[in-house]
Amino acid sequence: MRTSIRTQHFPESIIREMTRIALDVGAINLSQGYPDFAAPQVLKDAATQAILDDWNQYSVTWGLKPLRDAIADHYRRRYGMEVNPDTEVVVCCGATECMIAAMLGVVNPGDEVIFFEPYYESYIPNCFITQSTPRFVSLRPSADGRWEFDPDELRRAFNERTKVIIVNSPHNPTGKVFTREELQLIADLCIEHDVIAVTDEIYEFITYDGAQHIPIATLPGMAERTITISGMSKTFSVTGWRLGYAVAPEDLMIGVRKAHDFMSVCAATPLQIAGVTMMALGDDYYLRLRQDYAQRRALALEMLREVGFKPVVPQGAYYIMADFSAISDEDDITFGLRMARDIGVACVPGSPFFSRPELSRSIVRFAFCKKQETLEQARERLQKLKRS
Ligand SMILES: Cc1ncc(COP(=O)(O)O)c(C=O)c1O
């Protein structure tokens, strides 16, 4: 094989593969998490104007100064976090790049990295690329429909090789929003074992039923050991603009910035200019975002339940994990492919979110970040499941 051993260990993204299949067969794409509705006009205007104003060249690798200032201001206003925009912020090509830059910046070969399973697909390749070993802690749906973990299992996952725990909240794929008590337990273990928290808070503004997003960096003793990651993709419905950011204490940020510098140099400069406008949007924008997503969630849950799926209600993000064992005894991959090809609705088989196939055999994930009419159309097509 001429490819590196590192890249032989993981496949291309199954989530993105499902989008390719959806396009091929003309299925409604409820697989990959990107909106099919427009971004706010004010952002499109800001990006267009930035290009007309000739913001065409590389920016400072850490991110344009006005954007770093706006990000630091955002953390101060919303969460009371003190962040120095000159030394503790970096703007990357999406949270995805922040994540790998953070891992490359702090993880050594042979280190262990803890995260919750099911997990967002990219954490596995991130471990292979950094030659670290993943340690999984299971999330399981409880009787009252919340995803929970066993505190003892979490405690057992920490050891002298643990360097990082990835804390993704609101969580993809489950929609779990970690509570203050759960975050406190994680924080206590990080402090006890001198572990760094790398967070993925890309869905921080998409929460339901009063669930409150809490950055773990705001817990006592955590600001100095946390790399907080978020971005514009989901909050502003611009996943293709590739804007993400990380904040961390300077001694950690030095490593993250170096990794970012030599991976991508900088995020797209005119879009960073538009990013300043994004960060200035007021509370009414966020309220509307939440209300719109609550409506989409309600419709998506209804359409899945009425044809026999057993969905677990998400508290945040815009995905639903659903058990399909009452509809079919196929495995998740076979069922997922049939859904796209025969039913005309693409979802993601559970497999990419789990370390072992038996854990996801009857599970698929639906993304509901779609227009009302797209979801209505999907609902109609799903009726075919009743007859198949
Ligand atoms: C948990 C999680 N993190 C990160 C990302 C990617 O974010 P970005 O578009 O900023 O790279 C996604 C996208 O689906 C996600 O679900």
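Here, buried means under 20% relative accessible area, exposed means over 50%, and partly exposed is anything in between. All the views below come from a predicted model.

**View 1. A nonpolar patch on the surface, with Ile129 as one of its members.** Going by those cut-offs, Ile129 is partly exposed because its relative accessibility comes to 31%. Ile129 sits in helix 6, which covers residues 123–129. Together with Leu104 and Met263, Ile129 makes a nonpolar surface patch of about 230 Å².

**View 2. Helix 5, residues 94–106, and its surroundings.** Is the helix mostly enclosed or mostly open? Ten of its 13 residues are buried, so helix 5 is largely enclosed by the rest of the structure. The buried set consists of Gly94, Ala95, Glu97, Cys98, Met99, Ile100, Ala101, Ala102, Met103 and Val106. As for length, 13 residues at 1.5 Å a residue should span 18 Å, and the end C-alpha atoms lie 19 Å apart, which agrees.

**View 3. Strand 10 and its two antiparallel partners, strand 2 and strand 9.** Strand 10 takes in residues 244–247, with Gly244 and Ala246 pointing one way and Tyr245 and Val247 the other; all of them are buried. Four bridges tie strand 10 to strand 2, residues 89–92. Strand 9, residues 226–231, is also joined to strand 10 by four bridges. Tyr245 is a handy residue to center on: Val91 stands opposite Tyr245, and Ser230 has Tyr245 as its bridge partner. For background, strands of a sheet pair through backbone hydrogen bonds, either parallel or antiparallel.

**View 4. Ala274 in helix 10 and the residues it touches.** Ala274 has a relative accessible area of 0%, so it counts as buried. Which residues does Ala274 touch, not counting residues up to four places away in sequence? The contacts are Leu43, Ala46, Ala47 and Trp241. For Leu43, 231 residues away along the chain, the C-alpha atom is separated from that of Ala274 by 5.9 Å.

**View 5. Helix 11, residues 283–305, and what packs against it.** Helix 11 has 23 residues, and the distance from its first C-alpha to its last is 33 Å, close to the 33 Å expected at 1.5 Å a residue. Its buried residues are Tyr285, Tyr286, Leu289, Tyr293, Arg296, Arg297, Leu299, Ala300, Leu301, Met303 and Leu304. What do these buried residues pack against? The helices are helix 4 (65–79), helix 10 (269–279) and helix 13 (372–382), and the strands are strand 11 (310–312), strand 12 (319–323) and strand 15 (363–367).

**View 6. An open sheet of four strands in the order 11-12-15-14.** The pairing throughout this sheet is antiparallel. Strand 11 and strand 14 (348–349) stand at the edges with a single partner strand each, so one side of each has no neighbour in the sheet. At the strand 14 end, two bridges pair that strand with strand 15 in the antiparallel sense. One residue pair to pick out here is Pro349 and its bridge partner Val364, which belongs to strand 15. Strand 11, strand 12 and strand 15 also appear in the previous view, where the buried residues of helix 11 pack against them.

**View 7. Two cis peptide bonds, one ending at Pro118 and one ending at Pro173.** The bond joining Glu117 and Pro118 has an omega of about 5°. Pro118 belongs to the loop between strand 3 (112–117) and helix 6. For the bond from Asn172 to Pro173, omega is near 15°. Pro173 is placed in the loop between strand 7 (162–168) and helix 8 (180–193).

**View 8. Positive phi at two residues other than glycine, Asp194 and Arg242.** Asp194 has a phi of about 55° and is found in the loop between helix 8 and strand 8 (196–200). With a relative accessible area of 56%, Asp194 is exposed. Arg242 has its phi near 55° and lies in the loop between strand 9 and strand 10. Is Arg242 buried or partly exposed? Its relative accessible area is 31%, so Arg242 is partly exposed.

Technical notes. Residues numbered from 1 in each chain as written. Predicted model: local features only at pLDDT ≥ 70, side-chain atom pairs only at ≥ 80, totals over all residues. Heavy atoms only, no water. Patch = residues over 30% accessible without salt bridge, like charges linked within 9 Å, V, L, I, M, F, W, Y side chains within 5 Å. Areas by Shrake-Rupley, 256 points an atom, 1.4 Å probe, with all protein chains shown as cover. Salt bridge = Lys/Arg side-chain N within 4 Å of Asp/Glu carboxyl O. Buried < 20%, exposed > 50% of the residue type's maximum accessible area, 1.4 Å probe, protein only. Expected span 1.5 Å × (residues − 1). Contact = heavy atoms within 4.5 Å. Pairing = 2+ DSSP bridges.
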